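Here is a short report on one protein chain. Keep the 3D view open as you read.

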Amino acid sequence: MRDYIELTKPRIVALVMITALAGVVAERSLLLEPLRLIVVLGAIMLTAGSANAFNQYFERDLDAQMERTRARRPLPRHRVPPGGALGFAIGIGVLSVIALAMYGSPLAAWLAFGTIAFYGFFYTLWLKPRTVHNIVIGGAAGAMGPVIAWAAASGHLALAPVLMFLVIFLWTPPHFWALAICVQDDYRRVQIPMLPIVKGEAETYRQIELYTLVLVLVTLLMPFANAGGLVLGVTALFMGVAFVVKAFRARRAPTVAAARDVFAYSIVYLFVLFLGMIADAIWRIPLRS
């Protein structure tokens with residue numbers, strides 16, 4: 001069971017769930033329906049898990065060649081048979097779409113299906129091995145948590161989930177490019193055209209700095225777009241300044257340690273930022289008698 005759970009990339013799923021919870025809390029209506037809330041969040045968890053399981057199934061031969069993955073992932077270690085991994089990915093994916101259709105909305109179900117298809121197939125099989133822009137475009141899949149959650153709760157979309165999507169979308173390149181600098185030998189070995197390999201480390205650090213600046217700017221503008229309040233503004237400011245400082249330092253002193261520092265902090269940044277969004281949304285929920 002542990003090996004099948006590992007196919008879902010639990011740490012990534014945990015981040016997706018924090019972002020989805022932010023969408024649910026900001027939309028508010030599901031907070032009054034605990035059963036629907038639990039089912040919708042569970043379905044989003046399965047959506048992310050299915051997409052990641054498809055990714056590991058299709059990349060099992062590449063993972064076996066990469067030092068970072070061959071000793072950690074269940075397929076290269078022969079802990080899960082390929083057929084079992086494929087069946088698992090299909091099963092939880094179908095379950096997630098059905099659950100969202102029944103307890104969420106048709107829009108949420110279609111968005112979940114599109115997320116699985118986009119990441120599991122289009123990104124993994126076509127985009128990733130063909131273009132240096134792979135992680136930029138592919139980041140759209142990882143940003144769908146709050147969008148699906150909002151659509152499941154309301155049946156439509158609004159500015160708030162779109163801005164949450166944009167935040168995660170802009171966060172993804174500096175997060176993964178910092179990792180790519182640390183493990184670029186692995187990507188070079190399997191001929192994946194990641195930015196440090198194709199454009200060099202100097203350009204990668206420049207792009208990390210640029211995306212980080214734009215990301216922080218967007219988060220600071222969210223309260224002015226009625227998509228947040230004081231709690232989010234303060235959280236975005238303090239966390240964002242630290243992120244920008246780390247990105248600037250990494251560009252000016254480009255080492256693997258600096259890149260690893262940016263990568264590690266980026267995870268903390270997204271987690272705390274969305275916790276700030278959740279706290280902000282709760283703070284602004286009017287008390288009802």
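The largest nonpolar core of this predicted model holds 61 residues. Val-167, Trp-171, Met-222, Tyr-269, Phe-274 and Met-277 have the most contacts inside this core. Several helices build the core together. Helices H2 (10–27), H7 (106–127), H8 (134–142), H10 (159–182), H13 (201–221), H14 (230–252) and H15 (256–284) each give at least two residues to it. H10 provides the largest share, with 13 residues.

Take Tyr-269 as one example from this core. Which residues is Tyr-269 in contact with, leaving aside its neighbours within four places in sequence? The list is Trp-171, Leu-215, Val-216, Thr-219, Met-239, Gly-240 and Phe-243. Apart from the largest nonpolar core lies another core, of 25 residues. Its members include Ala-20, Leu-30, Ala-43 and Ala-151.

**The whole chain**

How many helices and how many strands does the protein have? The count is 15 helices and 0 strands. The radius of gyration is 19 Å, close to the 19 Å that the globule rule gives for 289 residues, so the protein is as compact as a globular protein of that length. Its C-alpha trace spans about 60 × 45 × 30 Å along the principal axes. Of the 289 residues, 52% are buried.

Contacts also link distant parts of the sequence. Take the contacts between residues at least 6 apart in sequence: 74% of them join residues at least 24 apart.

**Two pockets**

Now turn to the open spaces. The table sets out the two pockets side by side.

| Pocket | Volume | Lining residues | Nonpolar | Polar | Charged |
|---|---|---|---|---|---|
| Largest pocket | about 1200 Å³ | 50 residues | 27 residues | 13 residues | 10 residues |
| Second largest pocket | about 210 Å³ | 16 residues | 11 residues | 2 residues | 3 residues |

Start with the largest pocket. Lys-9, Ile-12, Arg-73, His-175 and Phe-176 are the lining residues nearest its centre.

In the second largest pocket, the lining residues closest to the centre are Ala-160, Asn-226, Ala-227, Gly-228 and Arg-284. Which helices supply at least two residues each to the lining of the second largest pocket? They are H2, H10 and H15. H15 gives the most, with 4 residues. H2, H10 and H15 also each supply at least two residues of the largest nonpolar core.

**Two residues to find**

Look for Lys-128 in the loop between H7 and H8. Is Lys-128 buried or exposed? Its relative accessibility is 11%, and the cut-off for buried is under 20%, so Lys-128 counts as buried. What does Lys-128 touch, not counting residues up to four places away in sequence? Its partners are Glu-59, Tyr-123, Asn-134, Ile-192 and Pro-193.

Next, find Gly-42 in helix H3, which covers residues 34–58. Gly-42 has a relative accessibility of 23%. Partly exposed residues fall between 20% and 50%, so Gly-42 counts as partly exposed. Gly-42 and Leu-221 are 179 residues apart in sequence. In space, their C-alpha atoms are 31 Å apart.

Conventions:
Residues numbered from 1 in each chain as written. Predicted model: local features only at pLDDT ≥ 70, side-chain atom pairs only at ≥ 80, totals over all residues. Heavy atoms only, no water. Core = buried A, V, L, I, M, F, W, Y, C linked by side-chain atoms within 4.5 Å. Buried < 20%, exposed > 50% of the residue type's maximum accessible area, 1.4 Å probe, protein only. Contact = heavy atoms within 4.5 Å. 1 Å grid on protein atoms, 1.4 Å probe; cavity = no way out; pocket = protein on both sides within 12 Å on 5 of 7 lines; lining within 4 Å. Points joined across faces, edges and corners; volume = space filled by probe spheres on them. Nonpolar A, V, L, I, M, F, W, Y, C, P; charged D, E, K, R; others polar. Rg over C-alpha atoms; globule rule 2.2 N^0.38 Å.
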